[in-house]
Amino acid sequence: MTTSLALPEFFIGQMKDQLGEEAPAFLHSYDEPRTFGLRLNPLKLRPGDEAAAHIRALFALEPVPWCEDGYYYGEMSRPGKHSYHAAGLYYIQEPSAMSSVELLQPQPGDIVLDLAGAPGGKSTQIAGKLQGQGLLVANEIHPARAKILSENIERMGIANAIVTSEPPDRLAAKFPQFFDKIMLDAPCSGEGMFRKDPDAITEWSPDHVAMCAARQSDILNEAAKMLKPGGVLAYSTCTFNREENERTIERFVREHPAFEVERTERIWPHRDRGEGHFVAVLRCSGTAEEPPGGRSSRPDPAAGARGARRETASALRDALALFEQFRRDAVPELALPAGEPLLYGGQLYWLPVPAGSQLGQARLAGLKVLRPGLHLAEAKKGRAEPAHALALALPRGGASRELRLAAGSAEAAAYLRGETLPAEAGSSGWLAVSVDGYPLGWGKASGGQVKNHYPKGLRWL
Ligand SMILES: C[S@@+](CC[C@H](N)C(=O)[O-])C[C@H]1O[C@@H](n2cnc3c(N)ncnc32)[C@H](O)[C@@H]1O
């Protein structure tokens with residue numbers, strides 16, 4: 001039983017023990033090509049939309065059986081290089097990784113935490129299911145990865161999400177029994193990624209597996225503190241190892257009697273079309289965990305979010321007035337979720353505050369918040385400059401003025417490279433630059449040209 005990948009002997013022995021007579025088929029799967037997948041964004045596309053049909057045909061998509069918006073694509077079709085990707089019409093995600101959110105079943109209105117969120121596959125899938133109602137807190141401990149998570153939240157046009165970068169214990173101190181649903185896609189030894197990322201093989205060892213299992217238990221303990229009684233927690237990994245999957249869950253349930261396992265699922269590369277995934281769905285019955293500091297622990301209403309300067313009430317009023325001028329002119333139909341405005345260092349955000357959620361600015365005090373809701377605008381020099389996130393959160397045709405480019409056109413590529421484009425005769429002011437009506441970002445027309453406001457850090461090379 002050999003494969004073209006140099007798999008560790010100990011790993012091969014472990015899989016033979018675990019799979020018995022299925023082991024040869026499993027090991028043979030390492031010689032098969034890996035799978036590629038994408039998920040259409042239900043915040044921007046309905047299945048019957050012309051653009052959805054066009055994308056299905058363009059990339060020869062085939063449905064992923066366990067995810068209603070998920071599709072396989074062929075490696076050569078390269079959907080990540082298409083302007084529809086920049087418009088947030090889909091998210092590229094390994095197909096088996098689409099399974100856990102389907103099992104968590106977030107519903108519109110739920111208050112949901114994605115505790116280990118980067119680069120954003122599960123977070124963006126959860127937000128698609130919330131349909132703009134309720135709240136997503138998308139967290140990622142590593143700052144550089146949190147930035148990527150935040151960019152993906154923006155690209156997919158998500159208006160009701162907060163992006164934080166905190167270790168689980170610090171988050172648990174702020175959000176005791178706060179969430180209806182929690183996704184924990186845990187850091188793991190990544191055995192299911194060997195085919196996709198052969199470098200993961202070199203990091204693998206039995207000691208690494210044991211370290212991952214201990215860390216998973218620690219993170220699960222913190223997740224438990226944040227779930228409401230009656231809430232649901234989905235735990236997932238991309239590893240096959242029983243230590244990190246069934247045994248981690250068994251230990252957790254032994255130590256947390258309020259939790260029971262509703263179901264577990266596995267995706268195997270020799271049985272299914274995917275790289276491999278484990279999911280356990282746990283429900284917290286009864287009284288759940290005692291929150292840290294007792295049930296009376298309340299956020300300090302005087303404090304502000306860390307790393308950002310809270311502005312005075314008058315600065316907020318001024319920024320809102322400037323934004324209101326922009327809104328009336330450029331995006332008169334703009335619909336925002338229930339929430340409140342926030343101003344940090346001249347940046348105006350809309351903090352989503354679903355009814356009854358007890359979320360407010362004070363709850364975020366002391367946390368490292370990359371994105372406290374939808375970024376609306378920057379107030380500067382007596383005007384509001386619209387935020388990139390606002391363009392991506394607009395519905396198709398949601399701006400009063402638009403420079404509509406054809407998907408796949410040279411003009412769309414030029415815009416994404418940051419180039420100036422010709423304006424229609426007589427047009428002036430802020431306009432949404434779109435592909436087939438789906439906003440890519442902002443431009444500002446004057447003197448026959450559209451000045452490019454596509455963010456420098458996102459530009460195509
Ligand atoms: C499997 S990845 C998450 C993938 C993500 N859910 C998605 O679908 O795109 C696990 C994440 O856990 C993060 N992580 C590592 N150590 C952690 C810890 N001690 N607590 C919380 N998260 C951690 C990693 O940085 C990584 O981004």
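In this predicted model, N139 sits in strand β6. The residue counts as buried, with 26 C-beta neighbours inside 10 Å. That is above the cut-off, because 20 or more such neighbours make a residue buried. Setting aside residues within four places in sequence, N139 is in contact with L113, D114, L115 and G117. T164, S165, E166 and L171 are also among its contacts. I162 lies 23 residues from N139 along the chain, and the two C-alpha atoms are separated by 8.3 Å.

E140 is found in the loop between β6 (135–139) and α7 (143–155). A UniProt annotation, "binding site", from an unreviewed entry, covers E140 and D185. The two span 46 residues in sequence, yet their C-alpha atoms are no more than 10.8 Å apart, so they gather at one spot. E140 is buried, with 25 other C-beta atoms within 10 Å. Beyond its neighbours within four places in sequence, E140 is in contact with A116, G117, A118, R145, A146, L149 and S165.

D185 belongs to strand β8 (residues 179–185). D185 is likewise buried, with 23 other C-beta atoms within 10 Å. Its contacts, apart from neighbours within four places in sequence, are S100, A116, K122 and S236. A116 is thus listed as a contact of E140 and as a contact of D185.

K122, in contact with D185, is one of the buried residues of α6. Helix α6 covers residues 121–130, and 10 of its 10 residues are buried, so the helix is largely enclosed by the rest of the structure. The buried set includes G121, S123, T124, Q125 and I126. A127, G128, K129 and L130 are also in it. Q131 follows the helix, with a positive phi near 55 degrees.

The UniProt record, again an unreviewed entry, lists C238 as "active site". C238 is placed in the loop between β9 (227–237) and α11 (246–255). This residue is buried, with 26 other C-beta atoms within 10 Å. Not counting residues up to four places away in sequence, C238 touches A97, C188, G190, G192 and M193. Further along the chain, C238 touches E275, G276 and H277.

Nonpolar packing was examined next. In soluble globular proteins, nonpolar side chains tend to be buried together. Here the largest nonpolar core has 129 residues. Those with the most contacts inside this core are I182, L184, A223, M226 and L233. Helix α10 (residues 206–226) supplies the largest share, 8 residues. M226 has contacts with L113, L171, A172, F175 and P176, leaving aside neighbours within four places in sequence. Its other contacts on that basis are Q177, F178, F179 and I182. L113 and L171 are contacts of M226, and both are also contacts of N139.

The domain assignment gives domain 1 (96–284), domain 2 (313–391) and domain 3 (396–458). The centres of domain 2 and domain 3, taken over C-alpha atoms, are separated by 23 Å. Across this boundary, 9 residues of domain 2 are in contact with 11 residues of domain 3. On the domain 2 side, α12 (313–330) and α13 (388–393) each supply at least two of the touching residues. The largest share, 3 residues, comes from α12. By type, the residues on this side divide into 6 nonpolar, 1 polar and 2 charged.

Over its whole length, the protein chain has 14 helices and 21 strands. The radius of gyration is 23 Å, close to the 23 Å that the globule rule gives for 461 residues, so the chain is as compact as a globular protein of that length. Its C-alpha trace spans about 75 × 55 × 35 Å along the principal axes. Of the 461 residues, 48% count as buried. Among contacts between residues at least 6 apart in sequence, 74% join residues at least 24 apart.

Key: Residues numbered from 1 in each chain as written. Predicted model: local features only at pLDDT ≥ 70, side-chain atom pairs only at ≥ 80, totals over all residues. Core = buried A, V, L, I, M, F, W, Y, C linked by C-beta atoms within 7 Å. Buried ≥ 20, exposed ≤ 12 C-beta atoms within 10 Å, placed from the backbone. Helix = DSSP H or I, 4+ residues; strand = E, 2+ residues; numbered from the N terminus. Contact = placed C-beta atoms within 7 Å. UniProt positions renumbered as here; feature names shortened; annotations may be inferred. Domains from an automatic or database assignment. Nonpolar A, V, L, I, M, F, W, Y, C, P; charged D, E, K, R; others polar. Rg over C-alpha atoms; globule rule 2.2 N^0.38 Å.
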